[in-house]
Amino acid sequence: RIAYELVDEIDHINAGGKVPLGLKGKSKRILVTGGAGFVGSHLVDRLIARGDSVIVVDNFFTGKKENLLHHFKNPRFELIRHDVVEPILLEVDQIYHLACPASPVHYKYNPVKTIKTNVMGTMNMLGLAKRVGARFLITSTSEVYGDPLQHPQAETYWGNVNPIGVRSCYDEGKRTAETLTMDYHRGLNIEVRIARIFNTYGPRMCIDDGRVVSNFVAQALRKEPMTVYGDGKQTRSFQFVSDLVEGLMRLMEGNHVGPFNLGNPGEFTMLELAKVVQETIDPNAKIEFRPNTEDDPHKRKPDITKAKQLLGWEPVVSLRQGLPMMVDDFRQRIFGDDKQDSG
Ligand code: NAD
Ligand code: UDP
């Protein structure tokens with residue numbers, strides 16, 4: 001710890017003494033794996049703004065340097081191209097372990113790699129936490145509940161997951177990652193935190209990642225029909241990314257291991273979502289039905305009572321408020337011109 005404090009001091013001096021000090025008067029050295037991705041890059045923005053030093057480790061499978069370009073000249077920021085399946089030696093106080101593709105299209109692309117990332121990657125990061133005495137937070141998922149038989153889902157529900165299906169590499173991978181996290185905590189006294197994240201959207205999502213919000217927004221902007229899979233009556237609950245980042249930071253800084261559901265309880269069918277996208281982008285946007293994917297969960301909605309009580313957290317951005325912010329970002333990236341009228 002003394003060594004990190006010294007490094008902090010040196011950074012502080014190198015930066016002309018202008019590094020703002022973090023929480024409790026001391027800036028932290030924080031590792032964010034998967035920090036070049038959608039959620040990770042927003043988290044990095046908040047940590048840097050708070051005054052922490054941030055190291056991002058990412059293999060750029062789905063993440064992009066562009067998401068972090070604005071930090072490149074900051075002496076408190078470092079970006080390392082590295083695959084978490086391999087061990088790495090670093091000195092940090094906290095580890096936010098996000099590295100893992102999140103979109104079904106991406107995690108099914110190489111399912112064995114997805115399992116390796118979740119199992120070996122998580123073991124490596126827990127090993128790192130153990131070596132340096134860092135606090136470790138894992139971003140698990142609502143997918144641990146599978147196709148849930150309990151609605152809404154509370155953290156006490158153990159789930160209904162197919163162990164041999166096409167989504168299992170992700171669902172079972174994250175379940176194993178949670179198990180590893182708890183076993184390192186119980187057996188080796190590592191400080192851990194577990195977040196179960198529900199569907200999240202916002203600026204910087206990959207435009208063509210196949211997730212429903214990014215698909216509908218990109219399709220409506222491009223004047224293509226919005227592809228509704230199945231009958232469109234399946235539900236999801238959509239959380240804006242800034243709410244999630246706030247929840248992750250409260251969880252890390254708080255005193256509770258979790259697991260905690262982090263999601264917005266506002267529940268929408270895919271047809272209702274299509275309607276909100278029409279209202280936001282183009283009332284004439286068409287809908288096209290397509291066959292659904294295998295093992296698609298029928299409904300999903302978080303019970304966030306525990307996070308409200310123990311973290312004092314709940315989402316503040318509704319879908320109708322958050323969607324326009326994502327649309328602005330998609331419009332700029334698709335048309336390269338924020339003034340272009342596409343709707
Ligand atoms: P994302 O795909 O945008 O980001 C994942 C990042 O991890 C990318 O930058 C990618 O390049 C990196 N990565 C993947 N495999 C890696 C490896 N082996 N080594 C190093 N880096 C690797 O996804 P996201 O939406 O930002 O999700 C972040 C985390 O949150 C993931 O762990 C995901 O499972 C979890 N999560 C997200 C959602 C959501 O709706 N976005 C929902 C539930 C859980
Ligand atoms: N979906 C859809 N149209 C699309 C993409 C997805 O109707 O173009 C549906 C999908 O079948 C699922 C829901 O939207 O029921 C959410 O899918 P997504 O891939 O965004 O996330 P998931 O919650 O399944 O991980």
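**View 1. The shell around ligand 2 mixes five nonpolar, six polar and three charged residues.** Here, Ala, Val, Leu, Ile, Met, Phe, Trp, Tyr, Cys and Pro count as nonpolar, Asp, Glu, Lys and Arg as charged, and the others, Gly among them, as polar. You're looking at a predicted model, where local features need pLDDT of at least 70 and side-chain atom pairs count only at pLDDT 80 or more, while totals for chains, interfaces and linings use all residues. Residues are numbered from 1 along each chain as its sequence is written, and chains are lettered from A and ligands numbered from 1 in the order in which they are written. Ligand 2 has 14 residues around it, and the closest are Arg211, Val212, Asn215, Thr227 and Tyr229 (a residue is near a molecule if its C-beta atom, placed from the backbone, lies within 6 Å of it). Helix α6 and strand β8 each give two or more residues to this shell, and β8 has the largest share, with three. Helices (H or I, at least four residues) and strands (E, at least two) are DSSP runs, numbered from the N terminus.

**View 2. Ligand 1 sits among 29 residues.** The closest ones are Gly34, Gly37, Val39, Thr62 and Gly63. Look for α2 (38-50), α4 (111-132) and β5 (135-141), the elements that give two or more residues to this shell. Helix α2 supplies the largest share, three residues. Sorted by class, the shell has 13 nonpolar, 14 polar and two charged residues.

**View 3. The largest nonpolar core holds 77 residues.** Such a core is a set of buried Ala, Val, Leu, Ile, Met, Phe, Trp, Tyr and Cys residues joined through C-beta atoms within 7 Å. "Buried" means that 20 or more other C-beta atoms lie within 10 Å of a residue's own; with 12 or fewer it is exposed, and in between it is partly exposed. Ile95, Phe136, Val217 and Leu248 touch the most other members. Helix α6 (residues 212-221) gives the core its largest share, seven residues. Zoom in on Leu248 and, leaving out residues up to four places away in sequence, you'll find that it touches Leu43, Tyr96, Leu137, Ala195 and Leu262 (two residues are in contact if their C-beta atoms lie within 7 Å).

**View 4. Helix α8 (residues 270-280) has four buried residues to spot: Met270, Leu273, Ala274 and Val277.** Down the axis of α8, they fall within an arc of 100°, so they line one face of the helix; the arc is that of the directions from the helix axis to the C-beta atoms. Their cover includes α6, β8 (226-229), β12 (267-269) and β13 (287-290).

**View 5. Arg196 belongs to strand β6 (residues 192-197).** This arginine counts as buried because it has 24 C-beta neighbours inside 10 Å. Setting aside neighbours within four places in sequence, its contacts include Ser140, Glu155, Pro259 and Phe260.

**View 6. Gly232 is in the loop between β8 and β9 (235-237).** With 18 other C-beta atoms within 10 Å, Gly232 is partly exposed. Apart from residues up to four places away in sequence, Gly232 touches Thr269, Met270 and Leu271. Try finding Glu272 too: it is 40 residues from Gly232 in sequence, yet their C-alpha atoms are 8.5 Å apart in space.
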